[in-house]
Amino acid sequence: CERGLSSARPPEQPRSRRPRAHKMARNEEKAQSMLNRYLAMKNEEAGAGPRKRPALASQENSLPNAEKWRAQVLREIGRKVTKIQNDSLGEFVIRDLNDEINKLIREKRHWERRILELGGARYGRDEATDDRGVEVHGGKGYKYFGAARNLKGVRELLQPDKPSAVKRTRAELYRGVDADYYGYRDDEDGQLEPLEAAAEARQLEAAKEEWHGEAKGALESGKVAELNPGAYETYVPVPTQEQVQAQLLEEKKKALLKKYA
């Protein structure tokens with residue numbers, strides 16, 4: 001029992017309440033922030049405070065400020081390019097982000113042109129932004145970044161076209177035309193003539209058999225009478241061979257007499 005009493009904690013004494021000083025500090029912070037806003041407003045009116053980026057690059061006449069605005073645009077492009085990599089943003093958000101990135105890229109080029117006009121450095125191609133976008137053929141410089149390349153309608157545009165068959169010109173076609181094309185040397189090897197003769201004999205035999213079959217069928221059906229030279233009568237006098245020769249000789253005599261008379 002004594003051991004248990006010795007291990008017990010002494011009763012806690014009530015803490016003394018100290019005066020709270022954070023209320024006064026809070027009032028001082030409010031006053032300081034109001035003073036800062038007032039001073040910022042005065043500086044902005046006087047032209048010595050922080051300025052917003054001009055809407056047009058031609059409005060800036062200071063080379064350091066132009067460099068600063070270009071760097072600011074580059075930072076905004078980097079943030080938006082990083083953000084557009086997320087496929088879960090939704091189609092409309094991705095399209096808006098892609099439009100904003102392309103607009104900032106155009107603004108960056110305006111600032112680079114203005115820097116060059118003010119005597120600054122000539123900036124080349126920015127691989128951090130230009131290489132991460134894909135341009136559609138005929139898109140006039142509009143590029144698709146990140147998840148915008150997987151949108152419906154964009155994916156089909158970015159697919160490479162199937163190679164079409166190359167149409168050869170007439171001159172190229174004539175280059176392959178020679179004697180072999182017209183078959184002039186087909187019978188020089190001595191193999192074509194026997195083949196043609198055998199094929200011709202087979203065709204003649206087939207034609208004869210077909211004709212005999214048709215003639216036999218016509219005779220059996222009675223459509224054609226059997227040939228009999230004595231069964232025909234002629235009503236026109238047909239001259240014999242001797243009569244024809246005599247008539248020709250008579251005509252030659254008349255012609256000679258007419259010529260020399």
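This note goes through the overall make-up of a predicted model and then looks at one helix pair, one buried residue and one loop residue.

1. Overall make-up. The protein in this predicted model has 10 helices and two strands, and, read from the N terminus, its elements follow the order α-α-α-α-α-β-β-α-α-α-α-α. Of the 261 residues in the protein, buried residues make up 15%. Among the contacts with a separation of 6 or more, 54% are accounted for by residues that stand 24 or more positions apart.

2. The α3 and α4 pair. Helix α3, which covers residues 63-83, packs with helix α4, which covers residues 91-117, at an angle of about 160 degrees, and the axes of the two helices are 9 Å apart. Because angles over 145 degrees count as roughly antiparallel, α3 is described as roughly antiparallel to α4. The crossing of these helices, α3 and α4, is left-handed.

3. Residues where the two helices meet. On the α3 side, the residues in contact include Leu-63, Trp-69, Arg-70, Val-73, Ile-77 and Lys-80, while those on the α4 side include Leu-97, Glu-100, Leu-104, Lys-108, Trp-111 and Ile-115. Taken together, the residues of the contact of α3 with α4 divide into 13 nonpolar and nine charged, with no polar ones.

4. A buried residue in α4. Asn-102 is also found in helix α4, and a reader may wish to ask whether Asn-102 is buried or exposed. Asn-102 has a relative accessible area of 4%, and since buried means under 20%, Asn-102 counts as buried. Leaving aside residues up to four places away in sequence, Asn-102 touches Gly-141, Tyr-142, Lys-143 and Phe-145. As for Lys-143, its backbone nitrogen lies 2.9 Å from a polar atom of the Asn-102 side chain.

5. A residue in the loop before α3. Ser-62 is found in the loop between α2, which spans residues 22-46, and α3. With a relative accessible area of 24%, Ser-62 is partly exposed, whereas Asn-102, at 4%, is buried. Which distance separates the C-alpha atoms of Ser-62 and Leu-118? Although Ser-62 and Leu-118 are 56 residues apart along the chain, their C-alpha atoms are separated by 7.6 Å.

Definitions and conventions
Residues are numbered from 1 along each chain as its sequence is written. This is a predicted model: local features need pLDDT of at least 70, side-chain atom pairs count only at pLDDT 80 or more; totals for chains, interfaces and linings use all residues. Side-chain values use heavy atoms; hydrogens and water are left out. Axes are lines fitted to C-alpha atoms, for helices over the stretch in contact, and angles run from 0 to 180 degrees between N-to-C directions. Helices (H or I, at least four residues) and strands (E, at least two) are DSSP runs, numbered from the N terminus. Angles under 35 degrees count as roughly parallel, over 145 as roughly antiparallel, 65 to 115 as roughly perpendicular and the rest as oblique. A crossing is left-handed if the near helix is turned anticlockwise from the far one by less than a right angle, and right-handed if clockwise. Contact means heavy atoms within 4.5 Å. Ala, Val, Leu, Ile, Met, Phe, Trp, Tyr, Cys and Pro count as nonpolar, Asp, Glu, Lys and Arg as charged, and the others, Gly among them, as polar. Buried means under 20% relative accessible area, exposed over 50%, partly exposed in between (1.4 Å probe, protein chains only). A polar contact is a pair of N or O atoms within 3.5 Å; within protein, one must be able to donate a hydrogen and the other to accept it, and residues adjacent in sequence count only if both atoms are side-chain atoms.
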